[in-house]
Amino acid sequence: MDNSPFRRIVLPALLASSAGFAALTWPMASDQAVQVSERLPEPFSRWADSALIPHQHKEFSIRYIGFAILSSVAIGIGTAEVMRSQQGRSQRRQSLLNEVLEAASDRPLVDPTDIDYAVATPGAEAAPPAETERPTVALDWSSLLQGTAKTSPPDSDPTDAGLLSTALEDHALYHIQGANQQQCLALAVEGAYYRYYRSRPDVDKAQKLVQQLQQQGKQVIATVDDNSYVVWVRESESPQQVVPWPRLTIAQQG
Amino acid sequence: MNLKTLEHLWTAFVEGERDFTGINLAGADLNHWSLARVDFWGADFSRANLTKANFRRANLKQAQFSDANLSGADLRWADLREAVLTGADLDAARLEGALYNARTQFPEGFNPSEASMWSLEPGASLATKDLRERDLGGADLTAADLSGALLVNSQLFGVVLKKANLLSALMGDSDLRYADLRQATLMLADLRGADLRGADLRGANLIGTNLRGCQLAATNLEGALYSDSTQFPRGFQLPKTLHHLAPGASLWGADLSGARLTGVDLSGANLAGANLMHADLWGACLANADLSGANLLGANLLGTDLSGANLNQTNLMQAIIDLPGERAPMVALNGQTA
């Protein structure tokens, strides 16, 4: 009912039309109109006086009433037109807002301007990885985040999302042991260790996770392979023990 | 939390979405909601009304439940590792089989063991437990007992299962990429269809293991043990670094320390100079085997058939053996049977 055309367009038009007609014919109906018109400032008093003429000269009243009817109809039509165009604009704005909210609801509740898209930069205090480390290229999250929010399947071309040269095989892997004595898989990027955090099935979910972690002040990178996207979080402290992942023997599978 | 978030949760949930990682539902009224198996990793339920909510098998890792009302909630088999439950009302909540670790924060005075929760830590006892379709990637389960456990279709990327007991475990279709399975016992385990790319299986026990359909590219199998009953993927070319355990096998100088070799038939095998330190040879057949110079320090030789074996200069120090006619097992000292 709140959004019905009657309430939004017809009713305001009827009210405006009625108000217009009442205002135009009020001087004819009121005995105190002359007194009131004298108190009005110029030019309103002059306009009111002219309207009082029909009260004294009844031959003018029929024409004047006709004028009042036409005027009130015009006011009503004009009001309806104005309301209609306003509603159209409002609907367009609402649909745009819905689109934005829908897109935003797919992402964490983060203001994109608050996100630090900068790629994690290792600190100088971090223990250097073994010399066997292969050259690595960190993920360009800025290009990823600017990309489409729609799901990209893992088997799609990763270059579409800006995920170039971030295959897990390109990184040096380690087993690190932190202060809690627990071991975990980690990779080294430019002197810093990044602990395995979570594997995500598609780029959209990986992107959301990275945004959440970055908002928590964590430095994050991600790697991609044909199965999934793996998110890694930088260790805040130097690990107590670092063991390089063994050089893998590639077994042939028929 | 705002109404839009709750509306989004409801709409997406009805449409079949089950991944709500990091969603903010602080202060929300979700009493009696059924959210079983939903992924709420890192979600915020602070001060939320979750009375009699159903979170069975839900992923609640790193979720915030500070001052939330979880009275009567069903949290059975939910993953509560690193979750914050301080100040939460867990009155009459069901927590059997829910996972936790040292970083899970419970309300004051709460004892997870009394609630029949399962600890996911190194050395954990999880034999025959149902852990299927879980995201346990990166967890440290060194030396854990997972014998007979159900781990089908689980996310185990980078999991540390070094020296874990996975005897007869069911791990089909699991993601075990870059898993650390060094010296793990996978004897009779079913890994059909599992992804083991990049995994480290050095010294793992693969006797009787079913590896059909497994992806073994770049899998390190150096020193792994296998037998004729081990089923490898079709067309898989066995690396020469694997140890074939069979009667008459040549295992000269092999490192079998800590290996679980219960009931294995190694009769007539050449184990000269082999390292069998702390190996479990319970019920194994080593008849006529050459164990000269082998190291059996602390090995379990209960019920082991050593008839006709060459024990010249064999180190049997602290080995557990039983003698004919003796009930209690004896411990060999200084290389001489007591």
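Let's start with burial in chain B. Of its 338 residues, 56% count as buried. Buried means under 20% relative accessible area, exposed means over 50%, and partly exposed lies in between, with a 1.4 Å probe and protein chains only.

A word on the ground rules. This is a predicted model, where local features need pLDDT of at least 70, side-chain atom pairs count only at pLDDT 80 or more, and totals for chains, interfaces and linings use all residues. Residues are numbered from 1 along each chain as its sequence is written, chains are lettered from A and ligands numbered from 1 in the order in which they are written, and side-chain values use heavy atoms, with hydrogens and water left out.

Next, the surface. Chain B has an accessible surface of about 13,700 Å². Carbon and sulfur atoms own 47% of that. The areas come from the Shrake-Rupley method with a 1.4 Å probe; for residues, only the protein chains shown count as cover.

Now the secondary structure. Chain B has one helix and six strands. Along the sequence, the pattern reads α-β-β-β-β-β-β. Helices here are DSSP runs of H or I, at least four residues; strands are runs of E, at least two; both are numbered from the N terminus.

What about contacts? A contact means heavy atoms within 4.5 Å. Take the contacts in chain B between residues at least 6 apart in sequence: 6% of them join residues at least 24 apart.

On to salt bridges. A salt bridge puts a side-chain nitrogen of Lys or Arg within 4 Å of a carboxyl oxygen of Asp or Glu. How many salt bridges does the whole structure hold? The search finds 22 over all chains.

Here is one of them. B:Asp130 pairs with B:Arg57, and their closest N and O atoms are 2.7 Å apart. This pair links distant parts of the chain, 73 residues apart. B:Asp130 sits in the loop between β2 (118-119) and β3 (225-226), while B:Arg57 sits in the loop between α1 (3-14) and β1 (99-100). Buried or exposed? B:Asp130 has 17% relative accessibility, so it counts as buried. B:Arg57 has 16%, so it is buried too.

Second pair: B:Arg76 and B:Asp74, at 2.9 Å from N to O. Both residues are buried.

Third pair: B:Asp175 and B:Arg177, at 2.7 Å from N to O. This bridge belongs to a network of salt bridges with shared partners, joining A:Asp225, B:Asp175, B:Arg177, B:Asp195 and B:Arg197. B:Asp175 is buried, with a relative accessible area of 11%. For B:Arg177, also buried, the figure is 2%.
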